[in-house]
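Reader: I would like a close look at a single part of this structure. Please take one sheet and describe what pairs with what and what packs around it.

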Amino acid sequence: MNTATWVLDVAPEITVTEVADRQSWDALFAFAPDPHFTQAWCYGEGKRAEGWQVERLLFNDEDGIAALCQLLVKHPFGARVTRIDRGPVFLREHPSPELQLAVFQALRRRWRFGWRGLLLMAPSLPANAASASLLRAAGFWCRRETGWHSSYLDLALPLDQLHRRLAPHWRTRIRRAEKLEVGLRLRRDPAGIDWLLERHVENMHVKGFIGPSPEFVRAMYDASPKDFWLLQAMTGGEPEAALLVGRFGQHAETFIGWTSDTGRRAAAGNFLLWNAVIEMQRAGCRTLDLGGVPADAGQGQFKRGMRGAEYELAGEWLAF
């Protein structure tokens, strides 16, 4: 029997409602077993500062709210384009394929006959044949097979166990930073965010890459200042490296990093990422996502030294 056909026969009925109440959204999001930072309320507010409209949906079945999804909408050249990044977020542990299909079908129905324009989606499903079959059964077309690739650390584990899991060269570099008396300074204030963004903009210019815009980061921070930690590595009384970490629900994700030449020689990047593990565990987070694992040998190899659990999501899909 064809799996996709069988799932279609038993998919439950789903109703979709819009939500504009942050308190309700945050309360649901906080208990999602596998959320993503791009679906957090503050992320949407950051995107609003870049000119996106934000829509937030709840998907309900006979047992209550099954999933939520944040959508970003723009109208380039008069056309409506909607973007979903790492969503929907399911609220039940191990949602069945039937429930997953029903939610994606409900999404697809909202774009039937093109009356809502184009929907571009990077779904929160693992990259495998079952996810591809499910998405095609729901009426989506694959735009790109490669998707978000990252790694996360289980903060329920004791710190000494997490430390033992680090690659040997990672432990060596942390010891090097400690031997050089690299210090840690935590900042939660707006001036600290501005300080980091100045270096972030310069870093993008010098290294020729496009990262999060200052407008986006400031608006995101303003929407949830209590959910961001700026970690600075101090050498000789000056910050020579920094890492911005955001909390979403019971999880956290690294977001922006910067390191000077002095900080690099002092292994400040390793020092900060390890201290992010300590601080996010102290804050009560269940996991720390490393914010993407690039394919290149530099950053990819650096993050793999943390030896977290790697995962990849199911590419880019579209509907209209």
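Author: What follows describes one sheet, then the core and the helices beside it.

The model is predicted. Its protein chain has a mean pLDDT of 93, and 95% of the residues reach 70 or more. Residues 1-9 are an exception to keep in mind, since pLDDT stays under 50 there.

The sheet is open and has 7 strands, in the order 9-10-11-12-13-8-14, with mixed pairing. Strand 9 and strand 14 (309-312) stand at its edges; each has a single partner strand, so one side of each is left without a neighbour in the sheet. On average, neighbouring strands of this sheet are turned by 30° against each other, direction ignored.

Strand 12 shows both senses of pairing. With strand 11 the pairing is antiparallel and runs over 8 bridges; with strand 13 (residues 287-289) it is parallel, over 3 bridges. Strand 11 and strand 12 also form a hairpin with 2 residues between them. Glycine 249, in the turn of that hairpin, has a positive phi of about 65°.

Single residues show how these pairings work out. Valine 245 has threonine 254 of strand 12 as its bridge partner. Alanine 252 has leucine 288 of strand 13 as its bridge partner. Leaving aside neighbours within four places in sequence, leucine 288 is in contact with Ala252 and Thr254, and also with Val245. Other contacts of leucine 288 include Leu155, Ala276, Val277 and Met280.

Some of these names return in the largest nonpolar core, which has 32 residues. Leu155, Val245, Val277, Met280, Leu288 and Met306 have the most contacts inside this core. Helix 7 (168-179), strand 10, strand 11 and helix 11 (268-282) each supply at least two of its residues. The largest share, 9 residues, comes from helix 11. In soluble globular proteins, nonpolar side chains tend to be buried together.

Helix 9 is the next element to place. It lies across strand 10, strand 11 and strand 12, and it runs at about 140° to strand 12. Alanine 219 is found in helix 9. This alanine 219 counts as buried because its relative accessibility is 18%, and the cut-off for buried is under 20%. Not counting residues up to four places away in sequence, alanine 219 touches Glu45, Gly46 and Ala49.

Helix 8 comes last. Its buried residues are Gly192, Ile193, Trp195, Leu196, Leu197, His200, Asn203 and Met204. What covers them includes helix 9 (214-223) together with strand 9 (183-187), strand 10 (228-235), strand 11 (238-248) and strand 12 (251-259). An α-helix has 3.6 residues a turn, so residues three or four places apart point the same way. The length of helix 8 can be checked too: at 1.5 Å a residue, its 18 residues (190-207) should span 26 Å, and the end C-alpha atoms are 25 Å apart, which agrees. Glycine 208, with a positive phi near 70°, follows helix 8.

Terms used. Residues are numbered from 1 along each chain as its sequence is written. This is a predicted model: local features need pLDDT of at least 70, side-chain atom pairs count only at pLDDT 80 or more; totals for chains, interfaces and linings use all residues. Side-chain values use heavy atoms; hydrogens and water are left out. Helices (H or I, at least four residues) and strands (E, at least two) are DSSP runs, numbered from the N terminus. The expected span of a helix is 1.5 Å times one less than its number of residues. Buried means under 20% relative accessible area, exposed over 50%, partly exposed in between (1.4 Å probe, protein chains only). Contact means heavy atoms within 4.5 Å. A nonpolar core is a set of buried Ala, Val, Leu, Ile, Met, Phe, Trp, Tyr and Cys residues joined through side-chain atoms within 4.5 Å. Two strands pair if DSSP finds at least two bridges between them. Axes are lines fitted to C-alpha atoms, for helices over the stretch in contact, and angles run from 0 to 180 degrees between N-to-C directions. pLDDT is the predictor's confidence in each residue, from 0 to 100.
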